[in-house]
Structures are given as structure tokens and as C-alpha cells.
Amino acid sequence: MLRGYYTAASGMLAQQRRQEALSNNIANAQTPGYKQDQATLKAFPELLLQRMEEQNVPTSRNLSRAMPTTIGSINSGVYIQETIPDFSQGDLQETGISTDMALVNGNLPDENGGLFFTLQNGEGEERLSRNGNFTLDGDGFLVSNQGFYVLDQAGNPIQTNNMEFNVTEEGTVQIDGQNIPLGVAYAADANSLIKEGENVFRMDEGADPAVDARAAAGVTFSVQQGVLEGSNVDSLRSMTDMMEAYRSFETNQKVLKAYDSSMEKAVNEIGRVR
């Protein structure tokens, strides 16, 4: 009986976490470069139930031995195994703003490979992002909307001196006769990235580091200026999934109430001393 409590409760917790992930996706549906999170459900290991009973053995000593009888398997609930970002390309939206850039995937040789702009946070550490909603700070540096420096291919902040610039499809920033290759990183396994929030990722310490996309074999990409990559959130699908998660939560809640009612009857009526 108590096992049923835990099974129903685990289902409620899993659907609650799934609902939270879907809500976050919908909230960021208009965020440039946002990659939706996908929650994966996994069942706890099944348990094999057996009934142990004794069976007499026809011997002179009339011995008995334990004879297990298989009843069947029982599931002990589900849980959210992990939440993985979906790094598929989002729709392109033209803005006409020169500091806006969209990174367009070309050929990616690895199934889970991903391309990213390279940034430098306040601690001087490299971070990755698909959000090309850049701007200029007071010193003329190209920065992200978090204030992180946008890096060039050599890993240095890009200084524009507040001058107009063009960006070629190859990702080269042209400023006052200078050609500065924009820093674009390639991660062979984008699923190993750790999301820090605000559309910023970092590499897991145990994973292979991201490499220069231009030096990676078989990798192609293009950069479009005055264009932003939108989020890849399908709002209608996310709303449908939220309703499904709510119905599943509600079903597990009803099962939990049924178990609670049965336990109440067992304690107050069956176990009553007359």
C-alpha cells in the first residue's frame, strides 16, 4: 500500500518539474537565440515480486524447502532524468541594427555538434552563446546584452572605436580597413554544455573543449548582420505539452487520494477494536 504512495508521488514530482521546464520555455519564446529545454522522463528500476512458501519433499526425514512463486513485476515510479537544451536552429528575424548578428548553421559533422559566439565574462572566463543581440559599451567594445565582451578569433575583445562596421558572411568584422574574424566556437557535443542562465553556456570540466569553428574539419557556417536568431520554442506545442503534464499530475493526484482513502478506511474501520 505504501509503495503506491511513493509511486504516485514520484509521478507528481516529475510532472511538476516538467511543467517548470515548459513554463521557462514559453517565458523565453521571444528571447533571441534561446534554446528550449527538453525534460526526459525515466522509470525507476522495476521490482520482481515473488511469494516464498514451503513445499514438503517426500523423503524419510520429511524435509521441506523454500519454493519461490513469481507474482510479477511492479514499477516504482518515474523521475526527470535530465533536462537537455535543444540546439536546433531558430528562425531568423531581420532587425536592421548593425550590431545584431545571427549565426547560421552550415554543415555540422557531429550529430550533437553546435556553433556558438565566444564571450568573455567579468571574471575573464570564456563563455558561449547563440544570442547575437550585441551592442557597444561606452569604450567602443562590442558586448553582449549581459555586458560580456564579444571575442575575436584570437580570443581578444573586439574594439570598434564607436565606428561603423560591416560583418561579412564569413564572420569577418570590417572596421576602418581592418578585418577582424569574429570568434566562433564549435562544440562536438553541445549536450555536454552547462547552462548558466541568460542564454550563456560553459563547457563541462570533463568534456572536450570547444574549438575554433574555422579550424574544425567539415564545419561550415555563415553570419548575417542586422539579423537575429529567434528562439526555437514552439509555443503551441509547449502549451499542449503543459496541458498534458497538468493532466498527468492531476491523475497521479487522484491515485494518491484513492490510496489515502483506502489507508483511512483500513485504520479507522478494519483495525477498529470492538
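## The largest pocket

Helix α1 contributes four residues to the lining of the largest pocket, the most that any element gives. In this predicted model, that pocket has a volume of about 260 Å³. Its lining is made up of R18, A21, L22, N25, Q36, D37, Q38, A39, D234, R237, S238 and D241. The elements that supply two or more of these residues are α1 (2-27), β1 (37-43) and α2 (235-270).

Sorted by class, the residues that line the largest pocket comprise five charged, four polar and three nonpolar members.

## The chain as a whole

The protein chain contains 20 strands and two helices, and 35% of its 274 residues count as buried. Its accessible surface amounts to about 16,100 Å², with carbon and sulfur atoms accounting for 47% of that area.

When contacts in the protein chain between residues at least 6 apart in sequence are considered, 69% of them join residues that are at least 24 apart.

## The internal cavity

One cavity of 30 Å³ or more is counted in the model, and the largest cavity has a volume of about 30 Å³. Its lining consists of K35, F87, N105, G114, L115, F116 and R130. Strand β7 (residues 114-120) provides the largest share of this lining, with three residues. By class, the lining of the largest cavity holds three nonpolar residues, two polar residues and two charged residues.

## Strand β6 and its partner

Strand β6 (residues 101-105) is mostly covered, since four of its five residues are buried. It runs antiparallel to strand β19 (residues 221-225), to which it is joined by five bridges; within this pairing, M101 has Q225 in β19 as its bridge partner. Strands of a sheet pair through backbone hydrogen bonds, and they may do so in either a parallel or an antiparallel sense.

## The β12-β13-β14 sheet

Strands β12, β13 and β14 form an open sheet in that order, and their pairing is antiparallel. The edge strands of this sheet are β12 (166-167) and β14 (178-181), each of which pairs on one side only. Between strand β13 (residues 172-175) and β14, which run antiparallel, there are four bridges, and one residue that can be followed across this pairing is Q174, whose bridge partner in β14 is N179.

N166 lies in the edge strand β12, and with a relative accessibility of 47% it counts as partly exposed. Leaving aside neighbours within four places in sequence, N166 is in contact with T172, V173, Q174 and Q225; of these residues, Q174 is the one paired with N179, while Q225 is the bridge partner of M101. The C-alpha atom of N166 is separated by 9.1 Å from that of T99, although the two residues are 67 apart along the chain.

## The β16-β17 hairpin

Strand β16 (residues 193-197) and strand β17 (residues 200-203) pair in the antiparallel sense over four bridges, and M203 in β17 is the bridge partner of L193. The two strands form a hairpin with two residues between them, and in the turn E198 has a positive phi of about 55°.

## Two loop residues: P45 and T160

Is P45 buried or exposed? P45, which lies in the loop between β1 and β2 (47-56), has a relative accessible area of 63%, and because this value is over the 50% cut-off, P45 counts as exposed. Its C-alpha atom lies 7.0 Å from that of N75, a residue 30 places away in sequence.

T160 also lies in a loop, in this case the one between β11 (149-150) and β12. Its relative accessibility is 0%, which is under the 20% cut-off, and T160 therefore counts as buried. Apart from neighbours within four places in sequence, the residues in contact with T160 are L136, G140, F165 and I175. Of these, I175 falls within the range of strand β13 (residues 172-175).

Note on methods:
Residues are numbered from 1 along each chain as its sequence is written. This is a predicted model: local features need pLDDT of at least 70, side-chain atom pairs count only at pLDDT 80 or more; totals for chains, interfaces and linings use all residues. Side-chain values use heavy atoms; hydrogens and water are left out. Buried means under 20% relative accessible area, exposed over 50%, partly exposed in between (1.4 Å probe, protein chains only). Contact means heavy atoms within 4.5 Å. Accessible areas come from the Shrake-Rupley method with a 1.4 Å probe; for residues, only the protein chains shown count as cover. Two strands pair if DSSP finds at least two bridges between them. On a 1 Å grid over the protein atoms alone, a cavity is a set of points where a 1.4 Å probe fits but cannot get out, and a pocket is an open set with protein on both sides within 12 Å along at least five of seven lines; lining residues have an atom within 4 Å of a point. Grid points are joined across faces, edges and corners, and a volume is the space filled by probe spheres set on the points. Ala, Val, Leu, Ile, Met, Phe, Trp, Tyr, Cys and Pro count as nonpolar, Asp, Glu, Lys and Arg as charged, and the others, Gly among them, as polar.
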